[in-house]
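Visitor: I would like to know how the labels on a structure are earned. Can you take me through some?

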Amino acid sequence: MGRHERIAELTDLAAPEGGRTLEIADLATGYGRTARAVLAAAPGPVRIHAVDTGPIIDDDLLHDPRVRPVLADLDEPLPFADAVLDRVISVNVAEHLADPRAHVAECYRVLRPGGLLVLMHSDWDTTLVSSDDDALTRRLVDRFVAAVPSWVARADGFMGRKLLGLATAAPFEVVTVETWADGHRRFDEDSVAWKVARGVLAAVADDPELAPRAAEWVQGLHRYAEEGRFLFAVTDVAVVLRRPV
């Protein structure tokens, strides 16, 4: 089971009493992988409010009548009235926000009593990569975790382990805390490992000592993948919170 399928399972997609549509906000929906998993798993009628800063959701989801695209800045109050949603899903959002606790409080505000917030984040400092040089890998991962990518205003590579602390921003009940680390053996341009490797290269690009070593390191990862010896993993943390009835 992959990350998005796990999130869909944790979201508890049971139909509300009376058979009404389950109202779900998917925050920072991106291309829609979590939304797609939720639609596949839902046993009854759902409406997904796919919230993001730009219209990058896949075309098939864009035209799905069960999906409502919403453009919004997640550093601002959520674009929903009080107590109108049954579920809120926030995946890899908190590290990029100016005030993650305010984000959690906003999720509480828009949830109906009994509604669930699924707060999930990768903890990038737990990145595992097989390579020839463990000490170099540790240095490169440390630089990657500390760097803020050019396309975002802020980042926190330790956010996964901080999620439970964010739960105190509102009077939520903690339903469950889950962690997992899926192993990936691919190293190509569509893989999670390659995206992290690109982040490593960007993080050390201005370092005359580490930049060439990082480029050789990436070539070594390609070699590992060709030889069937490559392994990548990162720990994901998911905290499920309920607004009390």
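Guide: What follows is a set of questions about labels, each answered with a value and a cut-off. Keep in mind that the model is predicted.

Visitor: What is the chain built from?
Guide: The chain has eight helices and seven strands. Of its 245 residues, 49% count as buried.

Visitor: How do you know that the radius of gyration agrees with that of a compact globule?
Guide: For 245 residues, a compact globule would come out near 18 Å. The chain has 19 Å, so the two agree. The C-alpha atoms fill a box of roughly 60 × 30 × 30 Å along the principal axes.

Visitor: How much of the contact count comes from residues 24 or more positions apart?
Guide: Such residues account for 76% of the contacts with a separation of 6 or more.

Visitor: Why is the pair of Trp-124 and Phe-144 called edge-to-face?
Guide: A search of the whole structure finds four aromatic pairs. In the pair of Trp-124 and Phe-144, the centres are 6.1 Å apart and the planes meet at 80 degrees. Centres must lie within 6.5 Å, and planes over 60 degrees apart count as edge-to-face. Both conditions hold, so the label fits.

Visitor: What does this pair tie together?
Guide: Trp-124 lies in strand 5 and Phe-144 in helix 5, so the pair ties together parts that are 20 residues apart in sequence.

Visitor: Why do Trp-124 and Phe-144 count as buried?
Guide: Buried means under 20% relative accessible area. Trp-124 has 15%, so it is buried. Phe-144 has 17%, so it is buried too.

Visitor: What makes the pair of Phe-187 and Phe-230 tilted?
Guide: Their planes stand at 45 degrees, with the centres 5.2 Å apart. Under 30 degrees would be stacked and over 60 edge-to-face, so this pair is tilted. Phe-187 lies in the loop between strand 6 and helix 7, and Phe-230 in the loop between helix 8 and strand 7, so the pair ties together parts 43 residues apart in sequence. Both residues are buried. With Trp-194 they form one aromatic cluster.

Visitor: How do you know that Arg-36 and Asp-60 form a salt bridge?
Guide: Their closest N and O atoms are 2.6 Å apart. The cut-off is 4 Å, so the pair qualifies. Arg-36 is in helix 2 and Asp-60 in helix 3, 24 residues apart. The structure holds 25 salt bridges.

Visitor: Are Arg-36 and Asp-60 buried, partly exposed or exposed?
Guide: Partly exposed lies between 20% and 50%. Arg-36 has 33%, so it is partly exposed. Asp-60, at 46%, is partly exposed as well.

Visitor: What makes Asp-207 and Arg-143 a pair that links distant parts of the chain?
Guide: Their side chains meet in a salt bridge, 3.0 Å from N to O. Asp-207 sits in the loop between helix 7 and helix 8, while Arg-143 is in helix 5, 64 residues apart. Asp-207 has 16% relative accessible area, under 20%, so it is buried. Arg-143 has 32%, so it is partly exposed.

Visitor: Why is the charged end of Arg-229 said to sit over the ring of Tyr-224?
Guide: That end is 4.1 Å from the ring centre. The label asks for a distance within 6 Å and a position within 35 degrees of the ring normal. The distance fits, and the charge is listed as sitting over the ring. Arg-229 also meets Glu-227 in a salt bridge of 2.6 Å, N to O.

Definitions and conventions: Residues are numbered from 1 along each chain as its sequence is written. This is a predicted model: local features need pLDDT of at least 70, side-chain atom pairs count only at pLDDT 80 or more; totals for chains, interfaces and linings use all residues. Side-chain values use heavy atoms; hydrogens and water are left out. Rings of Phe, Tyr and Trp (its six-membered ring) pair if their centres lie within 6.5 Å; planes under 30 degrees apart count as stacked, over 60 as edge-to-face and the rest as tilted. Helices (H or I, at least four residues) and strands (E, at least two) are DSSP runs, numbered from the N terminus. Buried means under 20% relative accessible area, exposed over 50%, partly exposed in between (1.4 Å probe, protein chains only). The radius of gyration is taken over C-alpha atoms; the globule rule is 2.2 Å times the number of residues to the power 0.38. Contact means heavy atoms within 4.5 Å.
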